[in-house]
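User: I'm new to this one and would like to know how each label is earned. Could you walk me through it?

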Amino acid sequence: MSDEISWVLRLAVLLQFKHLLADFMLQNAYILNNRSKWGHPGGILHAAIHVVGSLIVLAVMAVPAQYIVRLLIFEGFVHYHIDWIKDNVGKRYNLTPDNRSFWVLTGLDQYMHQLTYVAMIIYCVS
């Protein structure tokens with residue numbers, strides 16, 4: 001395996017681990033109950049947790065500082081809006097965990113977040 005492929009895989013795994021922590025272990029009721037309100041500190045806090053986690057990952061992976069700044073702005077903006085859209089669609093259609101559409105929407109949300117990481121990785125290697 002080439003060094004570049006190895007680096008890309010390590011970066012992908014670290015970003016996914018960061019996502020696991022930020023989206024599933026560090027969220028609380030305050031964040032979850034307020035992400036649907038555009039501009040609310042709860043949603044901003046959640047995006048900021050992701051940004052800080054990505055800052056650590058990108059620094060550990062020795063991504064150049066000028067790339068890191070752009071990547072963090074991109075991720076914070078995109079992550080915030082993916083969650084805001086998901087939460088508002090869920091509210092509009094009264095989706096709850098006992099509804100299949102809730103899980104479809106949750107899966108799409110997670111897929112969009114993973115595509116964000118793919119875009120970040122492509123930016124790093126291009």
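Analyst: Sure. This is a predicted model, and we can start with Met120, which lies in helix 5, residues 100–125.

User: Why is Met120 called buried?

Analyst: Buried means under 20% relative accessible area. Met120 has a relative accessible area of 2%, so the label buried fits.

User: What makes a residue a contact of Met120, and which ones are they, leaving aside neighbours within four places in sequence?

Analyst: Contact means heavy atoms within 4.5 Å. With those neighbours left aside, Met120 is in contact with Ser54, Leu58, Leu71, Phe74 and Glu75.

User: And where is Arg92 relative to Met120?

Analyst: From C-alpha to C-alpha, Arg92 and Met120 are 31 Å apart in space, and 28 residues separate them in sequence.

User: Zooming out, what elements make up the protein chain?

Analyst: Five helices and zero strands. From the N terminus on, that reads α-α-α-α-α.

User: Why is the protein chain called as compact as a globular protein of that length?

Analyst: For 126 residues the globule rule gives 14 Å, and the radius of gyration of the protein chain is 15 Å; that is close, so the description holds. The C-alpha trace spans about 50 × 30 × 25 Å along its principal axes.

User: How much of the protein chain counts as buried?

Analyst: By that under 20% cut-off, 40% of the 126 residues do.

User: What about the area the protein chain exposes?

Analyst: About 7,500 Å², with carbon and sulfur atoms supplying 71% of it.

Definitions and conventions:
Residues numbered from 1 in each chain as written. Predicted model: local features only at pLDDT ≥ 70, side-chain atom pairs only at ≥ 80, totals over all residues. Heavy atoms only, no water. Helix = DSSP H or I, 4+ residues; strand = E, 2+ residues; numbered from the N terminus. Rg over C-alpha atoms; globule rule 2.2 N^0.38 Å. Buried < 20%, exposed > 50% of the residue type's maximum accessible area, 1.4 Å probe, protein only. Areas by Shrake-Rupley, 256 points an atom, 1.4 Å probe, with all protein chains shown as cover.
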